[in-house]
Amino acid sequence: AKVRHYKWEVEYMYGSPDCIENVVMGINGQFPGPTIRAQAGDTIDVALTNKLSTEGVVIHWHGIRQKETPWADGTASISQCAINPGETFRYRFKVDKPGTYFYHGHYGMQRSAGLYGSLIVEVEDGKREPFHYDGEFDLLLSDWWHQSSHHQEVSLSSKPFRWIGEPQSLLINGRGQFNCSLSSSSTLPKCRFRGNEPCAPQILHVLPNKTYRLRIASSTALASLNLAIQNHTMLVVEADGNYVKPFAVQDIDIYSGESYSVLVTTDQDPSRNYWIAIGIRGRNATTPQALTILNYHPTSASHLPPSPPPVTPLWNDFQRSQSFAQKLYALMGTPAPPATFHRRLVLLNTQNLINGFTKWAINNVSLTLPSTPYLGSIKYKLQNAFDPKSPPESFTAEYDVMKPPVNPNSVTGSGVYMFEMNQVVDVILQNANVLKGRSSEIHPWHLHGHDFWVLGYGEGKFDAKRDEKKLNTKNPVMKNTAVIFPYGWTALRFVADNPGVWAFHCHIEPHLHMGMGVIFAEGVDQVNSIPSEAITCGLTGKMLATTNTTV
Ligand code: C2O
Ligand code: CU
């Protein structure tokens with residue numbers, strides 16, 4: 001195993017992600033940030049310097065469990081203090097499990113501003129993946145707005161609330177095409193696929209009769225995506241860094257925070273090229289598809305495919321979305337979950353009002369992060385750092401999830417769900433109707449520091465008596481992100497076996513910003529040697545300044 005050293009500088013810079021010039025967040029002058037490639041067992045060591053002139057920054061390593069390094073999880077106010085302008089923070093952590101991951105900003109809405117990149121962990125030398133492939137492509141998907149993330153933040157925090165709307169463009173590895181047309185008869189500008197313009201998509205050059213692994217990760221701020229490759233079937237083999245029982249599909253759904261590996265065999269007519277199309281599902285968006293080309297050797301990459309790109313399945317065919325989610329099972333040999341749980345949280349997701357501000361709340365509490373990172377304040381038992389009361393474990397039995405909330409008001413809070421070490425925790429994520437009108441949205445929930453087993457999905461309100469026996473405890477898939485469907489529930493199980501403080505939240509950035517998350521903690525007393533740079537702010541900063549204790 002190796003230690004891989006990186007020196008990164010984060011800054012705002014000009015870029016043209018979708019051919020329109022804008023300001024993006026870059027790392028070492030690149031957008032998206034550099035790809036990290038490592039082998040399982042390696043240590044990643046990133047010295048991250050904040051070159052932004054007026055705001056803090058942190059980077060979260062999405063999907064990496066941070067065993068024994070909870071301070072390197074990169075969550076502002078949770079695992080560390082935001083890194084101040086001009087300062088450098090060293091992220092040093094082990095990547096213990098092969099898989100497809102990514103990293104992204106976790107402060108304010110910096111993910112929306114373009115702070116993200118790929119993190120690929122290969123199997124260690126001498127070990128093999130449980131499948132074969134000849135070549136690999138990494139596709140990091142995102143969505144892009146022309147309005148700045150600062151502007152978006154202000155809109156979301158205004159009274160009355162202003163929604164940010166749908167993205168202008170979808171990006172593949174940071175490249176997209178704003179408002180262009182494939183047809184020559186249109187008055188819109190032609191899309192650019194030749195590969196020499198900076199915003200032209202990365203073309204996938206393949207040889208006939210080979211198998212390729214596509215590693216696909218979604219870092220979108222909002223969009224739920226669907227990816228299809230014209231004339232080609234995909235075999236899904238990995239989800240969120242866990243092997244799955246392979247299954248074949250014509251297209252895959254991918255929600256923000258998820259990653260998949262699919263195998264594609266290039267067994268089609270090599271005298272032409274094929275579209276790869278990514279479109280939005282789950283929301284009624286008019287954002288055009290992101291397109292790129294699967295280019296068969298020896299056909300020229302400049303030959304556009306002779307037929308139109310695959311059409312994205314209907315945005316509101318949730319039956320179809322559910323049936324995709326339910327095709328995921330763990331590959332044989334994956335650890336099965338403990339047969340029973342010790343503690344069950346039933347978390348109701350609602351849209352609410354707080355003093356007229358529109359928020360999201362969990363069991364009527366909308367998350368606001370404290371100024372002192374939890375990891376330090378819990379470890380050093382500091383008073384008044386966050387709400388001492390544990391947040392509610394469930395919601396009232398009378399709540400009708402199919403209707404707008406009767407009492408639309410909720411409260412803000414910063415309380416923590418504390419778990420005993422090695423407690424088996426079940427979480428039932430319960431969806432509900434939004435504030436106004438009759439609808440319910442999709443929310444992909446992501447857990448830091450752990451993988452969980454996805455025990456099942458259901459419609460309407462979870463009813464333990466009726467639904468418990470339908471849960472799959474035999475071969476459920478392990479993931480770190482799972483979606484709740486409109487008006488539905490999703491049941492998860494995990495073992496609280498990783499000392500630290502961990503966010504569990506909706507991966508839709510504006511939703512998280514509006515309070516859609518909770519904080520979990522376990523075994524913090526066992527966390528030793530938190531680097532002082534991680535906690536030199538708020539009350540822990542004061543503590544460090546007034547004592548000489550080595551921490
Ligand atoms: Cu990728 Cu807390 O998020
Ligand atoms: Cu959400």
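In this predicted model, the C-alpha centres of domain 1 and domain 2 lie 23 Å apart. The contact between them draws 27 residues from domain 1 and 31 residues from domain 2.

Let's look at domain 1's half of that contact. The elements that give two or more residues to the side touching domain 2 are E2, strand E7 (99-105) and strand E8 (116-122). Of these, E7 supplies the largest share, with five residues. Sorted by class, this side of domain 1 has 12 nonpolar, 12 polar and three charged residues.

Where do these domains sit along the chain? The protein is divided into three stretches, listed here:

| Domain | Residues |
|---|---|
| domain 1 | residues 3-127 |
| domain 2 | residues 136-325 |
| domain 3 | residues 343-545 |

Now follow strand E2 into its sheet. Four strands make up an open sheet with mixed pairing, in the order E2-E1-E4-E6. Which strands stand at the edges? They are strand E2 (22-27) and strand E6 (88-94). Each has a single partner strand, so one side of each is left without a neighbour in the sheet. On average, neighbouring strands of this sheet are turned by 20° against each other, direction ignored.

A general point helps here: strands of a sheet pair through backbone hydrogen bonds, in either a parallel or an antiparallel way. Strand E1 (residues 3-15) and E2 take the antiparallel option, over six bridges. To find one spot to look at, start from Tyr14: its bridge partner in E2 is Val23.

So E2 is worth a second look: E2 stands at an edge of the sheet, and E2 also gives two or more residues to the side of domain 1 that touches domain 2.

How values were computed
Residues numbered from 1 in each chain as written. Chains lettered and ligands numbered in written order. Predicted model: local features only at pLDDT ≥ 70, side-chain atom pairs only at ≥ 80, totals over all residues. Pairing = 2+ DSSP bridges. Axes fitted to C-alpha atoms, helices over the stretch in contact; angles between N-to-C directions. Domains from an automatic or database assignment. Contact = placed C-beta atoms within 7 Å. Nonpolar A, V, L, I, M, F, W, Y, C, P; charged D, E, K, R; others polar.
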